[in-house]
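Biologist: Before we discuss this model, I would like each label to be set against the rule behind it. Could you show me the structure and start with the term on which the burial of side chains rests?

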Amino acid sequence: MKIQPGVGYNFDSSSKGFTLDVSEPFPSATYLTPDLPFKVKIVDVVSGAIRFQVVSGTLNNLVPEMDDVIGGVEKLLDSTTSGVPTPPTDVLSFNTSTKESWVYLRAGPEAASPYAFPDPSISNTPYPKVISSNLELTDTDTEGYVLLAKVDVDNVSAPTVWTLHQYVTGSLWGDRVKVNGMTAKYYYARI
């Protein structure tokens, strides 16, 4: 019989039996806060602009894309180079009066029948994308928004202190319901 170690405990075995080591019964803070899907991370401040990354997640099994200010292109959240993760890095857009920035997952339906949601073609604008906005966004017939996180800063032009409020901590499944004459409704569930 083989016994495997786990979080907060370890096993030592010999020909005479085994011992259970519980000298660290509580996991470290690092273990308790793993990088969950769609977790927003502040990675740098360059010339007063706060750069951020988002941990890869999925919407209806599609990995969203995001603008990458370093490479000047759009990249998927799970991008790699030679097997090494190279997630996109974008800049937060702040509202100068409220000193807030909203990070959204935006997605829309296909433009033609069967109107799949979200549009599975990465070359189309409705394909899922993580964006930063200096305004609170509302759903439309062509795009639905999920608020992933909100960031508050002390100073928009030269931020030194910021607070990140994370709202989504997992991959999502979404549905779009459109009834003739009414604005589409979007529904999401964490998976």
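Modeller: A residue is called buried if its relative accessible area is under 20%. This is a predicted model, and by that cut-off tyrosine 104 is buried, as is tyrosine 145. Across the protein, buried residues make up 34% of the 191 residues.

Biologist: Why is the pair of tyrosine 104 and tyrosine 145 called edge-to-face?

Modeller: Two rings pair if their centres lie within 6.5 Å, and planes over 60 degrees apart count as edge-to-face. The count by this rule is three aromatic pairs. For tyrosine 104 and tyrosine 145 the centres are 5.8 Å apart and the planes stand at 70 degrees, so both conditions are met and the pair is edge-to-face.

Biologist: What makes this pair a tie between separate parts of the sequence?

Modeller: Tyrosine 104 belongs to strand β10 (residues 100-107) and tyrosine 145 to strand β12 (residues 144-153), so the pair ties together parts that are 41 residues apart in sequence. These strands belong to a secondary structure of one helix and 15 strands. Ring pairs also link Phe117, Tyr186 and Tyr188 into a cluster.

Biologist: What makes Val177, Val179, Met182 and Tyr187 a nonpolar patch?

Modeller: Such a patch needs nonpolar side chains joined within 5 Å, from residues with over 30% relative accessible area and no salt bridge. Val177, Val179, Met182 and Tyr187 form a patch by this rule, and together they have about 400 Å² of accessible area. Tyrosine 187 is found in strand β15, which covers residues 185-190.

Notes
Residues are numbered from 1 along each chain as its sequence is written. This is a predicted model: local features need pLDDT of at least 70, side-chain atom pairs count only at pLDDT 80 or more; totals for chains, interfaces and linings use all residues. Side-chain values use heavy atoms; hydrogens and water are left out. Helices (H or I, at least four residues) and strands (E, at least two) are DSSP runs, numbered from the N terminus. Buried means under 20% relative accessible area, exposed over 50%, partly exposed in between (1.4 Å probe, protein chains only). Patches are made of residues with over 30% relative accessible area and no salt bridge: like charges are joined within 9 Å, nonpolar side chains (Val, Leu, Ile, Met, Phe, Trp, Tyr) within 5 Å. Accessible areas come from the Shrake-Rupley method with a 1.4 Å probe; for residues, only the protein chains shown count as cover. A salt bridge is a side-chain nitrogen of Lys or Arg within 4 Å of a carboxyl oxygen of Asp or Glu. Rings of Phe, Tyr and Trp (its six-membered ring) pair if their centres lie within 6.5 Å; planes under 30 degrees apart count as stacked, over 60 as edge-to-face and the rest as tilted.
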